Amino acid sequence: MQIYLPIAEISVNAFLLLGLGGIVGILSGMFGVGGGFLITPLLFFIGIPPAVAVATGANQIVASSVSALLVHLKRKTVDLRMGSVLLAGGLVGAGAGVVIFNYLKSLGQVDLLVNLCYVIFLGIIGGLMLIESINAFYKTRSGKRQPRKKHTWIQKLPFKMRFRVTGLYISVIPPLLVGAFVGLLAAIMGVGGGFIMVPAMIYLLGMPTKVVVGTSLFQIIFVAAFTTLLHATTNYTVDIVLAILLLIGGVIGAQFGTTIGTKLKAEQLRILLALLVLLVCAKLALDLLLQPSELYSIGFSS
Amino acid sequence: MMRGFGIIAATLIGFFTSAQAEESIVLGLNQSEVSISTDFTGSEIIIFGAVKRETPIPDGPELEVVVTVSGPSKPVVVRRKEKKFGIWVNTDAVEVDRAPSFYAVASSGPLQDVLNRIEDLRYKVSVPRAIRSVGAPMTIKDSSAFTNALVRIRTTAHQYQQNESGVTVDQQTLFRANVQLPAALVEGAYDTRIFLTRGGVVISQYQTLIDVRKVGLERWLYNLSRNQPLIYGLLSLAIAVAAGWSASAAFALLRR
């Protein structure tokens, strides 16, 4: 069934979009990543103009994240307090990121920088996570339990706050900084930042994996909603028909994703996410390294 | 006085046109407007007509017909990738001042036989002539490679078409052309031109507009997104949140 999209101005297969939204929804529910780093390239691939793909992707992320978050709220695996602290840092970081992004745009080559950023961050995060989670996986198998909480300099910082759901009593400074840093990268790279936020919460803040997914979803909703509004009012690139098709698949996929997520062990979940991150990284790296079949591309002049 | 002048001018123009075009075009279209609705998957325009003449069919080369349909133009930037420090990056860019979003040429025979080069240049008929590029920077010596790439990419996407058997001419009097509009269509006024040629020279031409418009829901959403962007954005978010909530509620019921 073909449907003509009013803003993208092309006709696309509705079932293809439903399926695409579904896959991203499953990932969203399982890992707490928004899926922006996955859906945008997939939309480019089926011929949606890049600007429309980025803006509409953000809207779809809001839907699948809400769908998955509600399940996590029911299971009480969302730390709202931690989420709010991260979000506060995130909004400040995102604001700074937009300024940096516009500055880089005036210098040119912003696409290249975004791609390099992706490859470097995805590579580092994916690699470290894979090694750590495989080690953890074998350790739990052999029956030894590694001590998770370590007393580091983080414990000595002031402004301590009790995060009951997470089971942490730490200073608000590290979560604020993590939030700000992720917000900064997210604004530059044009994504919600879930795939950076999730590992950062696990490894930097020492949060348990089960709580991380819901908490990450909580803050992604706000970041993605803000991005959607920004694109809708400045670039007019949110395609509501495209968004609806994607989010029907997305919200249903997210429900299945959360179910799969609860059936897996924390280490298995981390291994899978690490593999996914590395896969996207490898794809982007190949795009930069291999000679493209078409050297020329068409863009609209501003 | 003014009126007398007007009459003289009118007769002069009348004489001039009749001398130039002893054969003129009477045109029909199967649709003078194309409506883009939600289920739009492309459209076919049939352009048909007859050649009106007061005198018998002249001897010499056969009558040929060329039809062009051109969508709204927008300046575009064509970028080229080059390998630098081991990775492929965009380096050179050429701005093309005029590139129609859609362009189709249909002719009753091979275009180079039906229309000679000078006439092609004058009326900008063939695909490369329909694009105009003047702004190539001094550092780029092969700017034609960029316009060629533009034509190549858009031809692959069926946005540019050249069909050398797209027009059938019957008894040098009746003609009929089919132009296939792709599903990815931009709205606007599509300029449609019909040329009659003999021996590669244009003897008569006719021009009309085909209106391509979004209708119904497509129209309403497009207008809302431009005129009330904040409401449109909030509406998108409301739909997203509502869909997320209802999916979770529905699944909660199913699991019970």
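Trainee: Which domains does the domain assignment of chain B give?
Mentor: This is a predicted model, where local features need pLDDT of at least 70, side-chain atom pairs count only at pLDDT 80 or more, and totals for chains, interfaces and linings use all residues. Residues are numbered from 1 along each chain as its sequence is written, while chains are lettered from A and ligands numbered from 1 in the order in which they are written. Domain bounds come from an automatic or database domain assignment. For chain B the result is domain 1 (2–214) and domain 2 (215–256).

Trainee: What distance separates the centres of domain 1 and domain 2 of chain B?
Mentor: The centres are taken over C-alpha atoms. For domain 1 and domain 2 of chain B, the value is 41 Å.

Trainee: How many residues of domain 1 of chain B are in contact with domain 2 of chain B, and which elements give two or more of them?
Mentor: Two residues are in contact if their C-beta atoms, placed from the backbone, lie within 7 Å. By that rule, 6 residues of domain 1 of chain B meet 6 residues of domain 2 of chain B. Elements are DSSP runs, numbered from the N terminus: helices (H or I, at least four residues) and strands (E, at least two). Those giving two or more residues on the domain 1 side are β2 (33–36) and β12 (201–214) of chain B.

Trainee: Which element of chain A gives the most to the side that touches chain B?
Mentor: Across this interface, 46 residues of chain A are in contact with 47 residues of chain B. Several elements of chain A each supply at least two residues, including α3 (50–74), α5 (110–141) and α9 (240–263). The top contributor, with 9 residues, is α9(A).

Trainee: Which strands are the edges of the open sheet of 4 strands in chain B?
Mentor: Two strands pair if DSSP finds at least two bridges between them. The order is β1-β3-β10-β9 (chain B), with antiparallel pairing. An edge strand pairs on one side only; here these are β1 (23–29) and β9 (167–170) of chain B.

Trainee: Which residue stands opposite D170(B)?
Mentor: β9(B) and β10 (residues 174–181) of chain B run antiparallel, joined by 4 bridges. In β10(B), the residue facing D170(B) is L174(B).

Trainee: Which residue in the turn between β5(B) and β6(B) has a positive phi?
Mentor: β5 (residues 73–84) and β6 (residues 87–100) of chain B pair in the antiparallel sense over 10 bridges. K84(B) stands opposite I87(B). The two strands form a hairpin with 2 residues between them. The turn residue with a positive phi, about 50°, is F85(B).
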